[in-house]
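Work through these exercises with the model open beside you. Try each task before you read its solution.

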Amino acid sequence: MKKLEKKHPLAIRWFHWINFPLLALMIWSGTLIYWAYPRYANLPQTWWRAMKINNRLAEGMALHFFFMWLFMINGVLYVAYTIFSGEWRDLVPNRNSFREAWHVLLHDLHLRKEAPPPRKFNGAQQISYTGVILMGLGSLVSGLAIYKPVQFGWLTKLFFGYQGARFVHFALTVGYVMFFVIHVAQVIRAGWNNFRAMVIGYELVMVPDLPVPAPEPAPASAPGVGAKERSETSSPTPGAEAGTGSGDEVNDEQ
Amino acid sequence: MMNSDDVDRQLKNLTRRGFITMAAAAGAGYASWKFLRTRPHESGIEWPLRNALQTNEKLAEAYFSRQRLSPSFRPSDLTRARINGRLGLQAPVDLDAWRLNIEGASSAVALTLDDIRALPRHEQITELRCIEGWSIIVKWTGARLADLIAKYPPRERPQFVALETPDRGYYVGLDLDSALHPQTLLAYELNDAPLELLHGAPLRLAIPVKYGIKNIKRIGTIRYTNIRPADFWAERGYDWYAGH
């Protein structure tokens, strides 16, 4: 039998999808800045020109120092939300996560049969999704160390100086690109149902059929996407129009 | 329990609602981006970006303290002194006839290099950070701009200090706090040798609380002013404050 199950809260979906273009803009404007002194990896000028990244340092800095605020605010609100809503419990790794992440990796490389546990986030995801937030914090801090290396000189010192902070800031950017590639590959692998849940909040799940249609207890009201729908299942079920009405008599699924 | 058709219908509704919302949000985001990028330019960048730079400047100025110093280095840390800017240096210069004009002082002032050398001498090994991203560690010797300002005080307390090359081919503006910072030097020596022409002889600014672009070479005029001074690179899209 199929069932809709709430997966991602509305707030987290907004934070996620707002972060995506903001981070993209930060990386792109950062590249406009990086062009002026491509210290860690240089590319032929023809490539820079083809990508229209050349001679745009001032523009890159202006954009970077504009969107940094939006990027930071969105990130801070996300972290605050996960703390106050309790969502952090699903996201933050625990002492089993690292072993589990290893098993997930082996499974994904087809070296291990057992699938990862069907929890919302497995160990590998917990480590990735918490790690990328820490990377974000690292970008803010190393960015500030580059932006104001005298007024925040103690920060710059933490990075072994100005060029150290620049290196960390750059390495983290490479990290985001790697995160993005793996993340998108995994989302494609996981399929449409999983991706759709990040847009609509709900995932379609199969639950085992009950052998005997048991009469339902009195409908319990539960929060859903709409304001005032009632639902019969213990997990909140969305979509008032479809949910109510047909609920009292039970189980005629094919 | 809902039956399978109900679940399908519900899912269809949710999916439609979710993706329409997402498309609308993406459209709004794209429209905002287009709006931003089509605003009239103010000194080389869209005015909202210029406003953001000026807001950042206010925050930075509020937090700025003259007590916080740019790190000092050892002589063994010195790197090659790179020549990166020739703006304002094209015209020939007669070092003997050169004078430093101070405008906005109580009386007209035209100083010789010896007048500058007569001010207390300071040495510092600091990092010069270019706005392009590279940095070098160099030793500067010179007089504090703060000492010059104290000796040749302004008629009225200025908000800014403007500096220009003799041909006005290059010019920078400083907020007063940065101008009075103890590491802001009028330098006449680089790495223990008199300044070479392309390093800004006879007198240049060494200001580690700013990007390299503010370290103007071959200073001809210093002006105390309450009008935000023109700044060569700020007119070309860069941050006027450019402060560290």
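**Exercise 1. A residue in a loop**

In which loop of chain A is the place of His110(A)? Then find the sign of its phi, and decide whether His110(A) is buried or exposed.

Solution. Keep in mind that this is a predicted model.

Step 1. Locate the residue. His110(A) sits in the loop between α5 and α6 of chain A.

Step 2. Read the backbone angle. Phi of His110(A) is positive, near 60°, and the residue is not a glycine.

Step 3. Check the cover. The relative accessible area of His110(A) is 69%. The cut-off for exposed is over 50%, so His110(A) is exposed.

**Exercise 2. The helix before that loop**

Describe α5(A): give its residues and its reach, its buried residues, and what covers them.

Solution.

Step 1. Take the length. α5(A) covers residues 97-108, which is 12 residues. From first C-alpha to last it reaches 16 Å, close to the 16 Å expected at 1.5 Å a residue.

Step 2. List the buried residues. They are Ser97(A), Glu100(A), Ala101(A), Val104(A), Leu106(A) and Asp108(A).

Step 3. Recall the helix rule. An α-helix has 3.6 residues a turn, so residues three or four places apart point the same way.

Step 4. Find the cover. It includes α6 (123-147) and α8 (162-190) of chain A.

Step 5. Look past the end. α5(A) is followed by His110(A), the residue with the positive phi.

**Exercise 3. A glutamine under cover**

Is Gln126(A) buried or exposed, and which residues is it in contact with, beyond its neighbours within four places in sequence?

Solution.

Step 1. Place it. Gln126(A) lies in helix α6 of chain A.

Step 2. Compare with the cut-off. Buried means under 20% relative accessible area. Gln126(A) has 3%, so it is buried.

Step 3. Name the contacts. Among them are Arg89(A), Asp90(A), Leu91(A), Val92(A), Pro93(A) and Asn94(A). Ser97(A), one of the buried residues of α5(A), is in contact with Gln126(A) as well. The list also includes Arg119(A), Phe121(A) and Gly131(A).

**Exercise 4. A helix covered from two chains**

Which elements are included in the cover of the buried residues of α2(B)?

Solution.

Step 1. Set the limits. α2(B) covers residues 47-63 and has 17 residues. Its reach is 24 Å, close to the 24 Å expected at 1.5 Å a residue.

Step 2. Pick out the buried residues. They are Pro48(B), Leu49(B), Arg50(B), Ala52(B), Leu53(B), Asn56(B), Glu57(B) and Ala60(B).

Step 3. Look at chain A. Its α3 (57-85) and α6 are part of the cover.

Step 4. Look at chain B. Its α1 (4-37), β1 (41-42) and β2 (45-46) are included too.

**Exercise 5. Loops of chain B**

What kind of peptide bond joins Ala201(B) and Pro202(B)? What does Leu113(B) touch, not counting residues up to four places away in sequence? Where does Asn191(B) lie?

Solution.

Step 1. Check omega. It is about 5°, and the bond between Ala201(B) and Pro202(B) is cis. Pro202(B) lies in the loop between β10 (193-194) and β11 (204-206) of chain B.

Step 2. Turn to Leu113(B). It is found in helix α3 (residues 113-117) of chain B. At 21% relative accessibility it is partly exposed.

Step 3. List what it touches. Leu113(B) touches Pro202(B), Leu203(B), Trp98(B) and Tyr188(B). Arg99(B) is 14 residues away from Leu113(B) in sequence and 7.3 Å away in space, C-alpha to C-alpha.

Step 4. Move to Asn191(B). It lies in the loop between β9 (185-190) and β10 of chain B. Its phi is positive, about 50°, although it is not a glycine. With a relative accessible area of 27%, Asn191(B) is partly exposed.

**Exercise 6. The chains as wholes**

How many helices and strands are there in chain A and in chain B?

Solution.

Step 1. Count in chain A. There are 10 helices and two strands. From the N terminus the order is β-α-α-α-α-α-α-α-α-α-β-α.

Step 2. Count in chain B. There are five helices and 12 strands.

Step 3. Add the burial. Buried residues make up 40% of the 254 residues in chain A and 52% of the 244 residues in chain B.

Step 4. Judge the spread of chain B. Its radius of gyration is 25 Å, while a compact globule of 244 residues would have one near 18 Å. Its C-alpha atoms fill a box of roughly 95 × 40 × 35 Å along the principal axes.

Notes: Residues numbered from 1 in each chain as written. Chains lettered and ligands numbered in written order. Predicted model: local features only at pLDDT ≥ 70, side-chain atom pairs only at ≥ 80, totals over all residues. Heavy atoms only, no water. Helix = DSSP H or I, 4+ residues; strand = E, 2+ residues; numbered from the N terminus. Rg over C-alpha atoms; globule rule 2.2 N^0.38 Å. Buried < 20%, exposed > 50% of the residue type's maximum accessible area, 1.4 Å probe, protein only. Expected span 1.5 Å × (residues − 1). Contact = heavy atoms within 4.5 Å.
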